[in-house]
Amino acid sequence: MFELIIISTLNGVLFGMLLFLMASGLTVIFSMLGVLNFAHSSFYMLGAFFGFQLSRWVGFWPALVIGPALAGLLGAAVERFGLRNAHKNGHVAELLFTFGLAFAIEEVVQMIWGKSPVDYRVPVALDFPAFTVFSTNYPAYKMFMLVVSVAIFAVLLISVKRTRVGLIVQAALTHPHMVGHLGHNVGRIFMLVFGFGTALAAVAGVIAGPALITQSNMASLFGPILFVVVVVGGLGSLPGAFIASLLIGLLQTFAVSINGSLASVLGPLGPDHAFLSDIWNVTVAQIAPILPYVLMVLILIFRPMGLLGTRET
Amino acid sequence: MSDISAPLPRPHPLGYETIRFYGIWIAAAVVLVALPRIFSSGAALTTFSLIGISIIFAMSYNILLGQTGMLSFGHAVYYGLGGFLAIHGMNMLAASKAWIPLPLVPLIGGVAGLTFALLLGWVSTRRSGTVFAMISLGVAELVASSALILRSFFGGEAGITTNRTQLLHIFGWSFGPQIQIYYMVAGWTLLAVIAMYALTRTPWGRMCNAVRDNPERVQFVGYDPHVIRYMAFCFAGFFAGIAGGLSAINFEIANAAYLGAAQSGTALFAAYIGGIGFFIGPIVGAIFVTYLSLVLSDLTSVWQLYFGLIFICVVVFAPGGVAGLLMKHRPVVRAGMLLSLLKAYLVALVPTAAMLAGLVLGIEIIVRHTVNATEGPNINVFGIGLNSTNPTVWLLSVGLAVAGYALGRRTWAYVARAWDHAATIAREKGYLA
């Protein structure tokens, strides 16, 4: 039991930090540009595939840098040449543009790497158990993922709160016109932020690829959960996104490891009807995928502004 | 819409207006009856049935997006649940030998869609815009994931099946042959489209547009935008359920894909490509999208990529959709400037088509080298057989794309000038505000 709690907590925090790597970019992009980037998880997927391809050519460590950089450049180009054109048609058009983009990216990935999972392996240098909890070996690669995501989080926090660039970005979030009057190129800031946000998502992709499955549907698996994170945390709130990421990461990981169902708790009281017995016999592990959405609906009913949001959603 | 003090048109305009008003619907009915006599092949009938279902679905979607300004990514929930309930309803009716014929079954789907929209809508429609979009996506994922868990009702991955011929036969129609299904779908399509048109003419329909354009002022005139959005959501759910029910009858199966994001995407694509600002937009879009997906999927394995690219182009370059593009030309045509504009279009068409051809050729070459490598080097693009390993073909692709773009840029500027000129003249003649 204790073992399960430790392992699940570690895995949950890890999953949460991965979510936050993506949700942070999504939140900042949403706050600045007012557009919800539907294709954000597609850049996460691109990161994973770039990581896979580059680690074949130049090795994992260069890939960890080059992959996100490529994805970031692509993201900046998307903002500059696509989103900015769609912007004049309003927010709905922007959202739809990113929706179409997500669709197209998935197709392009399928076109290049196929529909089946690619063989993206943990680098040899990290392919050993880091420590043993009771009888379970905890892989070093997962610790590495955790360290990378926590480090990025720390750097992000410091650069947003303590540096000049961070100040300008914060100001551009709320007062883009004033920032423009002060002589900053707001368009370029937007482009850079978009590129940086997508690069962060790609980092998550590069490091998550070997641990999860690198496949062309990974964007559509992750995308909706990202939106749940953003809604639960509160629209446009970075600390909210952080808490919600961890919350959802832990929630899902713990749910997956619990095998109980109503039937196992209440035993023979089970109903005869087929439909009800479905609900009766379903295990907590089975409903793990829908838990984030249940959480989102509950939040919307009881706290529509999200955990730390200031605007009512 | 813009001028509140303008007198409302009389409910039953006389003479020419009456003929025009009812004539369109009668003409539509005549066309629907005549279609299978002209195209009587089985494939054509199947295509028409699919288009009909798609029209209802896309139009129900447009109640949300076009008329009330709510961008939904989860409209397939109501379509899918309508389909599942219709299948279960058909199985029950067949088992109990009830006196209910097949053409009434889509109503089961409609009521199912309505019920679930009533249940899920109140929370979803609290806000519009981006928030609504995210919530609709979350609810859609919730329902779609639940469908895989509740196996006895949704049948898991395989779905559940039915037999449409087991229901009560009326007028000797067994509804086995596709032609009978076609007539049923056509009838429901006409009914649903008329009903949805009627909805847009009610005061509530007008308030929907007001909520889309300026929810704050709607509150000042004493309406609650939330309630209006909720009602729109319920109506949209009802018609989506009808479409789902028809689809269930057509395929005799319902599975979890009915509820999925891809299905929601089809409605969005159809409505938006057709044009959300016009009533006929989604009809045009549904016909276009359904036909294109059938044709393209025969021609190429990456048809969905082309689809996504078409959608992106529409979003960026023609946010009014196909219908919007056509309607934009109306004042120009009335000002008699169409010919000079067409000349500019023809000039621009050549390099643009060359560029697109180069891009398509490039995509097909890449596909042949990656996914379909086993099918040999010969590809067939626009009916021309080419060898995808031949460097000349690669050069041709790149050359067409680059040269087409370089030349195209100039001609696009020329088109823009021609358009400005035509619009100026139309404005001078008073056809364009």
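# Reading salt bridges, burial and packing in a two-chain model

Tutor: Let's start with a pair in chain A: Glu79(A) and Arg84(A) join their side chains in a salt bridge, with 3.0 Å from N to O. The term stands for a side-chain nitrogen of Lys or Arg within 4 Å of a carboxyl oxygen of Asp or Glu. Side chains of opposite charge can pair when their charged atoms come close. Before we go on, a note on conventions: this is a predicted model, where local features need pLDDT of at least 70 and side-chain atom pairs count only at pLDDT 80 or more, while totals for chains, interfaces and linings use all residues. Residues are numbered from 1 along each chain as its sequence is written, chains are lettered from A and ligands numbered from 1 in the order in which they are written, and side-chain values use heavy atoms, leaving out hydrogens and water.

Student: Is Glu79(A) buried or exposed?

Tutor: We go by relative accessible area: buried is under 20%, exposed is over 50%, and partly exposed is in between, using a 1.4 Å probe and protein chains only. Glu79(A) is buried because its relative accessibility is 4%. Its partner Arg84(A) has 32%, so Arg84(A) is partly exposed.

Student: How many salt bridges does the rule give over all chains?

Tutor: The count is 3 over all chains. Another one joins Asp119(A) and Arg121(A), at 3.2 Å from N to O. Asp119(A) is partly exposed at 42%, and Arg121(A) is exposed at 61%. Over in chain B, Arg212(B) pairs with Asp213(B) at 3.0 Å, N to O. Here Arg212(B) has 34% relative accessible area and is partly exposed, and Asp213(B), at 47%, is partly exposed too.

Student: Which residues of helix H8 of chain B are buried?

Tutor: Helices here are DSSP runs of H or I with at least four residues, strands are E runs of at least two, and both are numbered from the N terminus. In H8 (residues 203-213) of chain B, the buried set is Trp204(B), Gly205(B), Met207(B), Cys208(B), Asn209(B) and Val211(B). Those residues pack against helices H2 (42-68), H7 (178-201), H9 (215-220) and H10 (225-251) of chain B. Contact, by the way, means heavy atoms within 4.5 Å.

Student: What does Gly138(B) touch, leaving out residues up to four places away in sequence?

Tutor: This one reaches across chains: Gly138(B) touches Tyr293(A) and Met296(A). Gly138(B) sits in helix H5 (residues 129-149) of chain B, and counts as buried because its relative accessible area is 3%. For a contact within chain B, try Ser293(B) in helix H12 (residues 281-299). Ser293(B) is buried at 17% and touches Trp303(B) and Phe307(B), with residues up to four places away not counted.

Student: And in chain A, which residues does Leu246(A) contact beyond its neighbours within four places in sequence?

Tutor: Val13(A), Gly16(A) and Met17(A). Leu246(A) itself lies in helix H10 (residues 238-257) of chain A.

Student: Where would I look for a nonpolar patch on the surface?

Tutor: Patches take residues with over 30% relative accessible area and no salt bridge; like charges are joined within 9 Å, and nonpolar side chains (Val, Leu, Ile, Met, Phe, Trp, Tyr) within 5 Å. Look in chain A, where Trp57(A), Val58(A), Val65(A), Ile66(A), Leu70(A) and Leu73(A) form one with about 630 Å² of accessible area together. Such areas come from the Shrake-Rupley method with a 1.4 Å probe, and for residues only the protein chains shown count as cover. Helix H3 (residues 60-87) of chain A gives the largest share, 4 residues. Leu73(A) is in H3 of chain A and is exposed, at 61%.

Student: How do I read the overall form of chain B? What is its radius of gyration?

Tutor: The radius is taken over C-alpha atoms, and the globule rule is 2.2 Å times the number of residues to the power 0.38. Chain B has 24 Å, which agrees with the value near 22 Å for a compact globule of 433 residues. The secondary structure of chain B comes to 17 helices and 4 strands, and 49% of its residues are buried.

Student: Which domains does chain B have?

Tutor: Domain bounds come from an automatic or database assignment, which gives domain 1 (13-319) and domain 2 (330-429) for chain B. Their contact takes 6 residues from domain 1 and 5 residues from domain 2. The centres of the two domains are 33 Å apart, taken over C-alpha atoms.
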